[in-house]
Amino acid sequence: MTPNYCPKCGNPMCNEEKSCPYCGHIFEDTNPIIEDTDTAIASTAIVAKKQKKLRPLFLVLTMIIILGGITTFVVLNLNNNLKKAKNYYISKDFDAFVEIEKKMSEEEKMDFAEYLEKDVEHIGNDYSNDTITYAETKEKMDTLMQFAQDLPINNYKSTTEKINALHSSQSSYKEAIKKERKGDYEDAILLYKQVIEEDSNYSDTQEKLITVKAKLVDDYTAKAIKNAQEEKYESALDYLETALFYVGSTSTSRKTLLALQEEYTQKKEEQSRKKALLTKKKEIKTSNINAQFKNAKITSEIYPDDTSGFYMYYKSKDTSEVYLDIQFKLKNSSSTSIELEKLISDITVLYDGKEKVISYGSMYSSGSSIDTVERWSTLSAGKEVTFHFLIILPTKLSESDAPLEVEFYLDGERQILVYR
């Protein structure tokens with residue numbers, strides 16, 4: 001009996017078979033079996049040749065699948081470590097994070113650091129937008145740095161500085177409002193000036209500064225006027241100076257303040273001059289001396305206090321010169337000796353309204369003696385003398401009726417003598 005063969009794989013089989021028992025090929029026609037031996041052998045060779053060609057391709061595909069599987073496993077495993085690290089950070093499970101960090105590669109750690117940098121930016125934006133409080137912000141930043149450990153978070157420092165600056169600005173704004181309500185306008189202004197442009201309160205702050213400055217100017221102007229009415233011109237001018245500091249350079253009220261300043265300055269000078277004028281028996285007290293103005297006269301001879309018996313006096317040797325002798329009863333009220341030469345300072349002589357360059361000196365008398373004040377001349381504590389302040393004038397000035405005025409300081413106290 002001639003054997004039958006499968007047309008696909010070429011293996012021998014029976015005629016009654018509906019499908020090949022070797023390759024599983026299903027016969028569709030009524031006579032699929034190849035009865036010819038040569039044909040079957042040829043078919044088998046063709047199939048074998050095809051299988052030989054397909055075998056390398058199969059091996060390549062197999063290797064690709066294996067490598068792809070390994071790569072997928074590695075990638076999934078790496079992503080799994082990073083994902084776990086992120087989840088532990090979100091849940092604040094630091095102990096679990098420490099364990100997973102040990103398994104993370106350097107690349108994973110850098111990816112985690114980049115993830116933290118993005119969260120730093122988010123935290124900063126949330127605080128800027130008032131979606132979280134400063135306490136919550138600080139807690140989030142502290143937690144972030146705990147997980148960062150030694151990883152470089154490049155934007156942490158700059159973001160923290162911005163957060164702190166904004167927090168300080170917001171605190172200043174709130175405190176300024178309290179100060180303004182209490183009427184502490186200067187403190188309020190200082191605090192409002194600390195509000196930064198990044199603060200959402202900045203625009204409102206600029207408006208409040210204008211309002212508060214106006215209130216402050218009004219307040220100080222009122223105080224200046226009140227002090228001037230009480231003839232306290234020094235205090236009045238101080239208040240005006242402060243008001244001018246806060247008023248705008250183009251403000252209409254600035255002109256009013258400057259006019260008041262000029263008026264009060266003039267009145268202060270008049271008041272000071274009146275106080276400085278030497279009148280008969282005027283008392284002058286400082287920390288060192290008690291003095292009383294005796295008189296002033298133009299003379300060429302200076303006499304001691306006691307001329308009842310033998311005495312000595314001083315007379316000008318130059319007939320073209322005379323002295324304006326300004327006399328004080330002077331007592332050292334301090335506990336130490338004072339230098340007589342340093343009692344007089346800052347001398348100005350006006351003759352006929354014009355300043356004159358003059359020479360001067362001083363002498364002191366006790367009893368029947370009179371002495372010139374030298375650099376070494378002192379007055380002991382508790383001692384009393386007649387002090388002669390001598391201004392040397394040309395003789396022709398003494399013969400004139402033109403106004404003669406002397407301004408000087410006696411132990412730091414301003415004095416004005418209007419001789420004529």
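In which helix is Thr 205 found? In this predicted model, Thr 205 belongs to helix H7. Its relative accessibility is 0%, and Thr 205 therefore counts as buried, the limit for that class being under 20%. When neighbours within four places in sequence are left aside, Thr 205 is in contact with Tyr 173, Tyr 192 and Val 195.

The protein chain as a whole contains ten helices and 16 strands. Of its 420 residues, 33% are buried. The accessible surface of the chain amounts to about 26500 Å², and carbon and sulfur atoms account for 51% of that surface. Contacts were also examined by separation in sequence. Among those between residues at least 6 apart, 63% join residues at least 24 apart.

Helix H8 covers residues 233–246, which is 14 residues. At 1.5 Å a residue, a helix of this length should span 20 Å. The expected span is taken as 1.5 Å times one less than the number of residues. The C-alpha atoms at the two ends of H8 are 20 Å apart, so the model agrees with the expectation. Which residues of H8 are buried? They are Tyr 233, Ala 236, Leu 237, Leu 240, Ala 243, Leu 244 and Tyr 246. Several of these positions lie three or four places from another member of the list, such as Tyr 233 and Ala 236, or Leu 240 and Leu 244. In an α-helix there are 3.6 residues a turn, so residues three or four places apart point the same way. The buried residues of H8 pack against three other helices, namely H6 (185–192), H7 (202–229) and H9 (252–276). Helix H7, one of these partners, is also the helix that holds Thr 205.

Aromatic side chains were considered next. The structure holds 21 aromatic pairs. One of them is formed by Tyr 89 and Phe 147, whose ring centres are 5.4 Å apart and whose planes make an angle of 80°. This pair is edge-to-face, because the angle is over 60 degrees. The pair links distant parts of the chain: Tyr 89 lies in helix H1 (residues 37–90) and Phe 147 in helix H4 (residues 134–148), with their positions 58 residues apart in sequence. Both Tyr 89 and Phe 147 are buried. These two residues also belong to one aromatic cluster, together with Phe 94, Phe 97, Phe 112 and Tyr 115. Elsewhere, an aromatic ring is accompanied by a charge: the charged end of Lys 223 sits over the ring of Tyr 220, at 5.3 Å from the ring centre.

Helix H1 also contains Lys 83. Is Lys 83 buried or exposed? Its relative accessible area is 54%, so Lys 83 is exposed, the limit for that class being over 50%. Lys 83 and Glu 108 are 25 residues apart in sequence, and their C-alpha atoms are 9.8 Å apart in space.

The structure holds 16 salt bridges. In one of them, Glu 230 is joined to Lys 232, with 3.2 Å between the closest N and O atoms. Glu 230 has a relative accessible area of 38% and is therefore partly exposed. Lys 232, with 43%, is partly exposed as well. A second salt bridge connects the side chains of Lys 267 and Glu 263, at 3.1 Å from N to O. Both residues lie in helix H9, four residues apart, or about one turn of the helix. At 31% relative accessibility Lys 267 counts as partly exposed, and Glu 263 is likewise partly exposed at 34%.

Lys 315 and Glu 301 provide a further salt bridge, in which the N to O distance is 3.7 Å. Here the pair links distant parts of the chain, since Lys 315 is in strand S6 (residues 314–315) and Glu 301 is in strand S5 (residues 301–302), 14 residues apart. The relative accessibility of Lys 315 is 45%, so Lys 315 counts as partly exposed. Glu 301, at 21%, also counts as partly exposed. Salt bridges that share partners join Lys 226, Glu 230 and Lys 232 into one network.

Notes:
Residues numbered from 1 in each chain as written. Predicted model: local features only at pLDDT ≥ 70, side-chain atom pairs only at ≥ 80, totals over all residues. Heavy atoms only, no water. Phe/Tyr/Trp six-rings, centres within 6.5 Å; stacked < 30°, edge-to-face > 60°. Buried < 20%, exposed > 50% of the residue type's maximum accessible area, 1.4 Å probe, protein only. Lys NZ or Arg CZ within 6 Å of the ring centre and 35° of its normal. Contact = heavy atoms within 4.5 Å. Areas by Shrake-Rupley, 256 points an atom, 1.4 Å probe, with all protein chains shown as cover. Salt bridge = Lys/Arg side-chain N within 4 Å of Asp/Glu carboxyl O.
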